[in-house]
Amino acid sequence: MARSIPTSISEKGKKTSVQDSFKALKTIPRFFKEIYRSSPTLFFINSLSRLFNAFTPVVILWVGKMIIDEIIKQVFATDKDFTQLWKYVLIEFAAAILSDLLGRVINLTDGLLGDLYSNASSEKIIRKTAELTIAQLEEPEFYDKLERARTQTNSRVDLMSNALGQAESMISMVSLIAGLVYFEPILILILIVSIIPSFINEAKFSSTRYSLARSWTSERRELDYLRFIGANNQTAKEIKLFGLTDFIAERFKNLSSDYYLINKKLSLRQSFYGSLFNILGVLSYYGAYVYIILRVLSGGITIGELTFLSGSFNRLRTNLQGFFSRFTRISESALYLQDYFDFIDLKIEKTSELKTEMPKIIKEGFVLNDVHFAYPGSENEVLKGVSFKMKAGEKMAFVGQNGAGKTTLIKLFLRFYEPTQGEILLDGININKFDVDEYRNRFGVIFQDFFKYEFTLRENIAVGNIYEVENDEVINYAASKSLAEQVVSEMTDGLEQRLGRRFYKGTELSGGQWQKVALARAYMKDADIMVLDEPTSALDAQAEFDVFERFIALTKGKTSIIISHRFSTVRMADRILVLQHGKVLELGTHQDLMADPKLYAELFALQAAGYQ
Ligand SMILES: Nc1ncnc2c1ncn2[C@@H]1O[C@H](COP(=O)(O)OP(=O)(O)OP(=O)(O)O)[C@@H](O)[C@H]1O
């Protein structure tokens with residue numbers, strides 16, 4: 001199906017105005033504060049160097065004027081003395097060397113500060129993302145915000161050197177202006193008149209460019225995604241096998257060329273108007289130049305002053321142009337900065353202000369009262385009035401066909417989402433009353449879509465309780481319970497083996513090996529409640545049997561939930577909950593359910609028949 005793609009900014013939401021760009025500038029002080037915090041020493045060295053460097057142009061021009069006037073004086077003098085002349089040459093030489101040195105210090109400290117700041121802001125984004133709820137992260141609007149905050153790191157580094165450069169340029173211009181005002185104040189007027197239209201033009205285009213980039217955030221996200229699936233080793237197998245390259249490349253080409261065309265149109269217009277206004281600037285320079293020449297010819301100023309004035313005027317013009325274009329770049333980047341701060345300042349949903357203490361030992365267990373749930377942004381109720389009790393120490397299995405709502409129920413237990421209606425109680429207290437970290441800390445969990453971290457084997461197990469990453473005893477214990485110890489023994493580097501093929505010396509594991517490693521995470525702490533969501537789907541029959549034998553022995557007296565489509569596993573549970581279309585269809589022991597010819601008995605018989 002053809003995809004409708006927005007071809008203009010106005011077609012896609014709000015357009016950013018020049019005023020918005022100016023408003024965004026108020027984020028700059030906070031930005032400077034953050035840069036300063038990255039390294040006060042570097043910031044201080046950078047600022048001081050820029051301050052000194054700001055005066056070097058006027059000093060060099062002034063000394064140049066003195067040299068020319070001195071040469072002319074000496075040419076016509078009868079009694080020649082060049083001491084003063086050589087002194088001026090020496091001063092100009094020293095100023096040129098100093099300017100070069102300061103320039104290098106500025107570049108160096110800009111780079112270092114930029115790196116530090118960008119690292120610190122990336123870390124902040126990682127930490128902030130962790131604070132957001134799963135529901136927030138799944139909303140496309142949040143995802144776009146995160147994308148803008150994440151991808152504009154370079155723009156923030158540019159903004160830093162531009163903003164610092166702007167301060168330097170301002171000081172430099174004040175010193176040059178002082179010289180012009182002293183000799184010919186009218187030149188300032190010519191200068192300002194010639195530069196203002198160019199500035200307005202730049203400001204207008206920069207806000208339009210930002211609007212464009214912003215309104216295309218989701219498409220750029222899709223482009224990134226296509227780039228990722230089209231060129232990485234995880235998808236390579238399917239892409240080759242199904243011959244998807246053309247499909248993905250075409251999709252990328254269509255989307256990217258739309259963005260390119262609309263960007264190109266804007267760049268051409270910007271370039272056309274920019275050149276037009278620039279001609280105005282050149283005209284003004286030559287107008288001023290002619291004026292200065294006339295002043296010299298009429299004897300109003302010396303030749304040295306001519307070089308000083310024309311030099312100052314030219315420099316000021318370039319400085320002013322730089323100042324204005326930097327200003328528009330700054331206000332454009334400030335809009336992105338605003339996105340970054342907006343993301344960092346996102347309000348975290350607080351479920352309950354007053355936290356109830358978690359019971360030290362779970363006495364009664366969980367009670368679900370008429371729990372309904374629809375995913376945020378979806379009308380479709382995934383759970384439709386689920387009620388049941390799970391006693392402390394009970395082992396329950398959740399069974400049901402694909403999409404019945406088993407994993408969703410687990411997500412509610414773990415408080416990734418809140419029920420849209422109804423409640424989940426633990427020992428009589430609504431689970432949303434507990435501190436969420438303290439509450440989740442009592443669970444040992446493995447999800448069916450567990451993540452394969454391309455870290456070491458040790459770290460992959462320790463993510464279940466990262467504080468114990470160096471504790472060999474705990475890690476080996478967890479590995480032995482999940483059969484991951486077999487995987488460890490097969491690796492040349494043992495626990496220190498890097499997993500995945502992304503990094504040097506990494507090894508890829510088989511699906512079952514990965515599952516054993518992920519399962520070990522659930523054993524990394526002495527959790528009160530174990531949740532295993534299809535923990536053995538990739539294991540061979542013997543491994544599955546061993547894993548469950550160990551699990552049953554280990555979780556004696558512990559509350560646990562297992563989701564599995566394998567009935568040989570499920571039947572080991574104390575009670576089985578059968579979900580169908582988000583409702584409890586059956587609940588009871590294996591024997592109870594087998595005695596009642598409903599879904600469970602039917603599915604069990606179907607699977608058993610398959611083994612005969
Ligand atoms: N993050 C989500 N946002 C919106 N809908 C979702 C989300 N996750 C799951 N769903 C929907 O919720 C329904 C129940 O999904 P759930 O993962 O709970 O099923 P399940 O019983 O665990 O299935 P399976 O046996 O296939 O793992 C499905 O219709 C699915 O499309």
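Two strands are said to pair if DSSP finds at least two bridges between them. Helices (H or I, at least four residues) and strands (E, at least two) are DSSP runs, numbered from the N terminus. In that sense, strand β9 and strand β10 (residues 583–588) pair in the antiparallel direction over five bridges.

The structure is a predicted model, in which local features need pLDDT of at least 70 and side-chain atom pairs count only at pLDDT 80 or more, while totals for chains, interfaces and linings use all residues. Residue numbers start from 1 along each chain as its sequence is written.

**The annotated region and its sheet**

The unreviewed UniProt entry carries the annotation "domain: ABC transporter" for residues 366–606. UniProt positions are given in the numbering used here, feature names are shortened, and annotations may be inferred rather than shown by experiment. Over residues 366–606 the chain is 34% helix and 25% strand, with the end C-alpha atoms 32 Å apart.

An open sheet of six strands has the order β6-β7-β8-β3-β9-β10, and its pairing is mixed. At its edges are β6 (443–446) and β10, each of which pairs on one side only. On average, neighbouring strands of this sheet are turned by 15 degrees against each other, direction ignored; axes are lines fitted to C-alpha atoms, for helices over the stretch in contact, and angles run from 0 to 180 degrees between N-to-C directions.

The following table lists strand pairs, with a residue pair from each.

| Strands | Sense and bridges | Residues opposite each other |
|---|---|---|
| β3 (residues 395–400) and β9 (residues 575–580) | parallel, five bridges | Val 399 and Val 578 |
| β9 and β10 (residues 583–588) | antiparallel, five bridges | Leu 579 and Val 584 |
| β1 (residues 365–374) and β2 (residues 381–391) | antiparallel, eight bridges | Phe 366 and Met 390 |
| β1 and β4 (residues 421–426) | antiparallel, five bridges | Leu 368 and Ile 424 |

Met 396 also has a bridge partner in β9, namely Arg 575. In a regular strand the side chains alternate between the two faces of the sheet.

Two hairpins contain a residue with positive phi. Between β9 and β10 there are two residues, and His 581 in this hairpin takes a positive phi near 45 degrees. The hairpin of β1 and β2 has six residues between the strands, and there Gly 377 takes a positive phi near 80 degrees.

**The ligand shell**

A residue is near a molecule or strand if its C-beta atom, placed from the backbone, lies within 6 Å of it. Around the ligand are Glu 138, Tyr 375, Ser 378, Val 382, Gly 400, Asn 402, Gly 403, Ala 404, Gly 405, Lys 406, Thr 407 and Thr 408. Helix α13 (residues 406–413) gives the most to this shell, with three residues. By class, the shell has three nonpolar, seven polar and two charged residues. Ala, Val, Leu, Ile, Met, Phe, Trp, Tyr, Cys and Pro count as nonpolar, Asp, Glu, Lys and Arg as charged, and the others, Gly among them, as polar.

**A helix pair**

The axes of helix α3 (residues 40–76) and helix α4 (residues 83–131) come within 8 Å and cross at roughly 160 degrees. This angle makes α3 roughly antiparallel to α4, a term for angles over 145 degrees. The contact of α3 with α4 comprises 22 nonpolar, ten polar and four charged residues.

How values were computed. Angles under 35 degrees count as roughly parallel, over 145 as roughly antiparallel, 65 to 115 as roughly perpendicular and the rest as oblique.
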